[in-house]
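Me: I am new to this structure. Please take a close look at one part of it, the aromatic rings and what surrounds them, and walk me through it.

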Amino acid sequence: MNNKCYQLAPDLTISRILNGMWQVAGGHGIIDRELALADMLRYHNSGFTSWDMADIYGPAEDFMGEFRRGLLTLKGKEETERVQSLTKWVPQTGRITRSAVNENIERSLRRMNIDALDLLQFHWWDYNNPYYMDALKYLSDLRDKGIIKNIGLTNFDTERIQIMMDSGLKIISNQVQYSIIDRRPEVKMLPFCKENNISLLAYGSICGGLISEHYLERKEPSTTELDTLSLRKYKKMIDAWGGWNLFQELLSTLKIIGQKHKVSIANIATSYILGKSAVAGVIIGVRLGIVDHRNDNAQVFHFNLEKSDRDDIDSVCTKANDLFQIIGDCGDEYR
Ligand SMILES: NC(=O)c1ccc[n+]([C@@H]2O[C@H](COP(=O)([O-])OP(=O)(O)OC[C@H]3O[C@@H](n4cnc5c(N)ncnc54)[C@H](OP(=O)(O)O)[C@@H]3O)[C@@H](O)[C@H]2O)c1
């Protein structure tokens with residue numbers, strides 16, 4: 001997979017591995033601001049220039065603002081233009097007014113020290129509350145004014161995006177959980193996105209780090225042994241998918257494929273999802289200032305999975321439960 005970048009929109013090209021900033025929001029170890037900012041520069045200098053944030057990810061948007069200020073001083077305006085700042089707006093469910101939308105977007109712009117958002121991904125907790133369509137209408141008006149460059153979604157299901165398409169809303173992406181374990185997007189979302197020219201941004205593709213050598217041939221960890229919120233979240237997903245023994249079979253299969261290509265298990269899992277149609281990028285969580293997997297993740301762009309590799313992975317997955325049956329479509333785990 002040699003293509004490191006993806007053109008998500010005419011004015012937005014992203015790195016196909018994006019840096020996920022949920023990890024600075026708590027529950028993933030103590031994040032030191034200075035160390036985090038220094039790490040952001042290292043990621044940027046290595047070509048990982050796309051950042052996934054949210055208004056609710058603790059200091060993530062503030063870090064972006066400080067990072068951009070530092071970059072401006074250090075390398076000038078042109079360099080700041082190489083950064084892609086993707087954020088989310090995650091409002092409480094309720095009536096949405098135009099002024100609430102404007103205020104929230106202005107706050108994100110201020111925090112991130114930016115004139116226009118590259119991509120605003122909208123989340124909504126409760127479909128029974130129809131104000132999400134109002135919110136999208138107001139967000140679209142901000143896009144038409146150039147304050148938001150592009151509008152995306154996160155964790156929306158196929159049925160609701162169809163409603164948006166029918167209403168003429170212009171949506172470029174949906175950010176969803178998508179991994180070898182959680183293949184729910186393949187049932188309805190992927191074909192729909194292909195047909196409607198919408199890209200997917202995948203998260204959870206290495207299950208918080210569980211899909212790695214570190215957990216190969218390890219006995220099943222208890223919840224207390226898993227020391228990040230992310231690990232706990234995806235361990236539950238593995239339990240629902242088929243349990244620890246089947247997961248070990250998957251890890252062994254990924255290891256064999258990894259040895260053949262001389263890359264890590266995480267690389268195989270990432271490449272597998274990046275190779276799916278409609279997938280623009282995989283967001284990998286970064287614990288800034290704590291652990292750095294940059295060099296390993298960069299290897300994703302130096303090999304190609306073969307059809308037989310994909311078949312071997314798929315063959316293990318035929319033994320798993322169908323998470324679409326158990327959980328539902330994309331985002332239903334939040335509702
Ligand atoms: N829209 C949503 O609802 C939503 C939900 C979840 C996440 N997200 C987005 O997706 C991002 C990713 O978060 P996630 O929770 O899904 O986590 P993830 O990307 O599946 O896992 C991240 C963790 O994997 C480990 N890791 C990374 N590269 C590795 C490698 N090459 N080898 C071994 N381990 C590696 C690291 O663990 P260690 O640090 O422990 O080494 C890292 O903290 C978030 O930051 C956020 O931006 C969005």
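Reply: First, one term: a residue counts as buried when its relative accessible area is under 20%. Keep in mind that this is a predicted model.

Start with a ring pair that fits this term. Tyrosine 132 is buried. Phenylalanine 156 is buried too. Their rings form an aromatic pair, with 5.8 Å from centre to centre. The planes stand 50 degrees apart, and the pair is tilted. The two partners come from distant parts of the chain, 24 residues apart. Tyrosine 132 belongs to helix 5, residues 131-144. Phenylalanine 156 sits in the loop between strand 7 (151-154) and helix 6 (158-166).

These two rings have company. Tyr132 and Phe156 belong to one aromatic cluster with Trp89, Phe122, Trp124 and Tyr127.

Now step back to the count. The model holds 12 aromatic pairs. Another of them joins tyrosine 43 and tryptophan 51, with ring centres 6.0 Å apart. Their planes meet at 70 degrees, so this pair is edge-to-face; the cut-off for that is over 60. Tyrosine 43 has a relative accessible area of 5%, so it is buried. Tryptophan 51 is at 0%, so it is buried as well.

Tyrosine 43 has a charged neighbour. The charged end of arginine 294 sits over its ring, 5.7 Å from the centre. A second arginine does likewise elsewhere: arginine 310 lies over the face of tyrosine 272, at 4.8 Å from the ring centre.

Go back to the loop that holds phenylalanine 156; helix 6 comes after it. The buried residues of helix 6 are Thr158, Arg160, Ile161 and Met164. Seen down the helix axis, they fall within an arc of 160 degrees, so they line one face of helix 6. Their cover includes helix 5, the home of tyrosine 132. It also includes strand 7, strand 8 (173-177) and helix 7 (189-196). After helix 6 comes glycine 168, with a positive phi near 85 degrees.

Last, follow arginine 310 into helix 12, residues 307-317. Arg310 is buried there, along with Asp309, Ile313, Val316 and Cys317. Viewed down the axis, the buried residues of helix 12 fall within an arc of 125 degrees, so they too line one face of their helix. They pack against helix 8 (229-241), helix 9 (244-261) and helix 10 (265-274).

Terms used: Residues are numbered from 1 along each chain as its sequence is written. This is a predicted model: local features need pLDDT of at least 70, side-chain atom pairs count only at pLDDT 80 or more; totals for chains, interfaces and linings use all residues. Side-chain values use heavy atoms; hydrogens and water are left out. Rings of Phe, Tyr and Trp (its six-membered ring) pair if their centres lie within 6.5 Å; planes under 30 degrees apart count as stacked, over 60 as edge-to-face and the rest as tilted. Buried means under 20% relative accessible area, exposed over 50%, partly exposed in between (1.4 Å probe, protein chains only). Helices (H or I, at least four residues) and strands (E, at least two) are DSSP runs, numbered from the N terminus. A charge sits over a ring if NZ of Lys or CZ of Arg is within 6 Å of the ring centre and within 35 degrees of the ring normal. The arc is that of the directions from the helix axis to the C-beta atoms. Contact means heavy atoms within 4.5 Å.
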